[in-house]
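Please keep the viewer open while you read, and make each selection as it comes up in the text.

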Amino acid sequence: MSKRFLALTLTLALILVSAGSSFAAILPFTSGSNNNPIVSIFKRASVAVVNIDVEKTARRSISPFPFDDDPFFKRFFGDAFKDFTRSVPMKGRGSGFIVSKDGLILTNNHVVSGMEKITVSVLLADGSKKTYPATIKGGDSDYDLAVIKIEPDEALPVLELGDSDAVEVGEFVVAIGNPYGFEHSVTAGVISAKNRSIHAQDVNFDDFLQTDAAINPGNSGGPLLDMNGKVVGINTAIIPYAQGLGFAVPVNKAKEIMGQLVEKGKVSRGWLGVYMEDIAPEVAKMYGVKDGGIVIAKVVPNEPADKAGVKAGDIVVELNGEKFKNAAEFRQKIGALPPNSTARLKVLRNGKTQTLPVKLGERPSDGNATTTDSTNTEKVTSGSDALKDYGINKVSVSEKGIVIDEVDENSPASYEKGLRKGDLILQLNMQDLKTLDDLTNAMKSAEDIIVLQIEREGYTHLQFLTKAEKK
């Protein structure tokens with residue numbers, strides 16, 4: 001198994017610490033299978049939990065040269081090193097659970113994506129096992145979910161999907177899976193938190209359930225069950241250096257996308273064509289924004305937002321008449337809308353609100369777009385030190401507006417806000433800046449805190465600065 005494949009498996013498999021004897025002491029039941037709900041849950045659910053074995057072929061170097069990574073040797077031997085490789089199988093394991101009697105199985109996308117061979121082991125009622133080859137019906141990297149299909153000889157038992165929105169922190173949960181190849185292992189714990197964000201390697205998700213139920217590599221894709229035996233999450237990720245910190249995709253997300261995965265093999269999501277960022281509390285207060293919102297950092301040319309008149313620097317405070325907390329929630333809400341539907345954005349621009357209807361496109365598979373450096377720092381007039389008290393020693397005028405010439409390296413403007421030479425100041429306290437006279441007039445009403453709209457490399461940011469204390 002390659003180091004990269006192993007690292008991916010270890011990173012994305014859920015690892016938690018066993019609850020131990022203290023857990024048994026606080027549960028509201030006594031020993032014995034008749035009084036222990038976990039025993040009942042395991043007996044009912046385990047027959048619908050499957051083990052997934054995956055395999056793919058990779059090329060591995062078997063170079064006879066002991067220093068084949070040395071640039072000196074590569075200079076003389078060049079591509080000859082490529083001739084000393086062989087194909088080797090890479091194997092991995094994961095878990096899943098049956099969601100339809102005809103053999104549809106839900107698991108993590110990272111368990112099966114890119115695999116050449118997928119084998120599913122099903123536990124029969126008599127305790128024996130049966131294996132089936134499986135095919136991928138569809139996968140979604142955004143939520144790390146996939147649906148695979150086997151062709152069973154008879155109707156299979158299924159797990160009932162619960163309501164992850166109704167799950168409460170502190171609620172008991174049970175995990176069943178295939179940790180380290182130990183098939184159908186069961187562990188128990190609680191929901192530690194909700195709406196956790198994980199952004200690392202191939203995981204980029206903002207709505208995880210956090211749990212301390214003891215789970216290990218190989219549990220990825222297995223179910224997290226409530227005390228009624230219903231699936232509330234799909235075990236997905238870990239913080240590998242921590243204990244008792246595991247994460248599961250809420251099952252309601254799976255409900256939203258499984259149909260598309262089965263029907264189309266992918267998920268179609270709404271696309272605005274913007275880059276966005278959260279609003280700092282100080283900026284929100286100055287702009288009178290309450291209950292969340294986002295700043296449009298860049299509008300991608302010729303994409304839906306651009307065609308609808310959305311501009312960089314706009315503050316979006318509502319989507320289709322509803323509030324949202326932050327950029328992560330806004331992105332999810334846009335993605336949940338179908339392409340060609342209309343998103344009505346309530347935006348704050350230059351102190352005034354307006355509603356812009358945007359006909360959404362379909363989000364590209366990578367979710368990104370190209371960017372260009374549009375900053376123009378060619379100076380045409382003399383400079384000014386009007387912002388010196390805020391850590392910006394000197395500014396001058398470019399063809400696009402006020403440009404920063406020098407930042408005090410010992411000021412918060414530099415080491416906290418990251419402002420630097422060449423940044424364009426488009427606005428100060430919602431007043432457009434084109435000339436030094438504009439800056440002078442805007443500064444007349446400035447107080448101890450000011451908000452600048454900054455443009456750098458085509459991206460717009462709102463930065464607040466605090467006046468330095470005079471010594």
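A charge counts as sitting over a ring if NZ of Lys or CZ of Arg is within 6 Å of the ring centre and within 35 degrees of the ring normal. With that criterion in mind, and remembering that this is a predicted model, select Lys298 and Tyr459: Lys298 lies over the face of Tyr459, at 5.7 Å from the ring centre. A further case is found at Arg269, whose charged end sits over the ring of Tyr143, 5.1 Å from its centre.

Return to Tyr459, which is partly exposed, with a relative accessible area of 21%, and add Tyr275 to the selection. The two ring centres are 5.3 Å apart and the planes stand at 75 degrees, so the pair is edge-to-face. Because Tyr275 belongs to strand 15 and Tyr459 to strand 26 (residues 459-466), this pair ties together parts that are 184 residues apart in sequence.

Next, display the open sheet of five strands, ordered 15-16-17-18-19 with antiparallel pairing. Strand 15 (274-278) and strand 19 (352-359) each have a single partner strand, so one side of each is left without a neighbour in the sheet. Within the sheet, strand 17 (residues 315-319) pairs with strand 18 (residues 342-349) over four bridges, and Val316 has Val347 as its bridge partner in strand 18. Now add helix 9 (residues 327-336), which packs on the sheet and touches strand 15, strand 16 (294-299), strand 17 and strand 18.

Finally, select Phe324 and Phe330, both of which are buried; their ring centres are 4.9 Å apart with the planes at 45 degrees, so this pair is tilted.

Terms used
Residues numbered from 1 in each chain as written. Predicted model: local features only at pLDDT ≥ 70, side-chain atom pairs only at ≥ 80, totals over all residues. Heavy atoms only, no water. Pairing = 2+ DSSP bridges. Helix = DSSP H or I, 4+ residues; strand = E, 2+ residues; numbered from the N terminus. Contact = heavy atoms within 4.5 Å. Axes fitted to C-alpha atoms, helices over the stretch in contact; angles between N-to-C directions. Phe/Tyr/Trp six-rings, centres within 6.5 Å; stacked < 30°, edge-to-face > 60°. Buried < 20%, exposed > 50% of the residue type's maximum accessible area, 1.4 Å probe, protein only.
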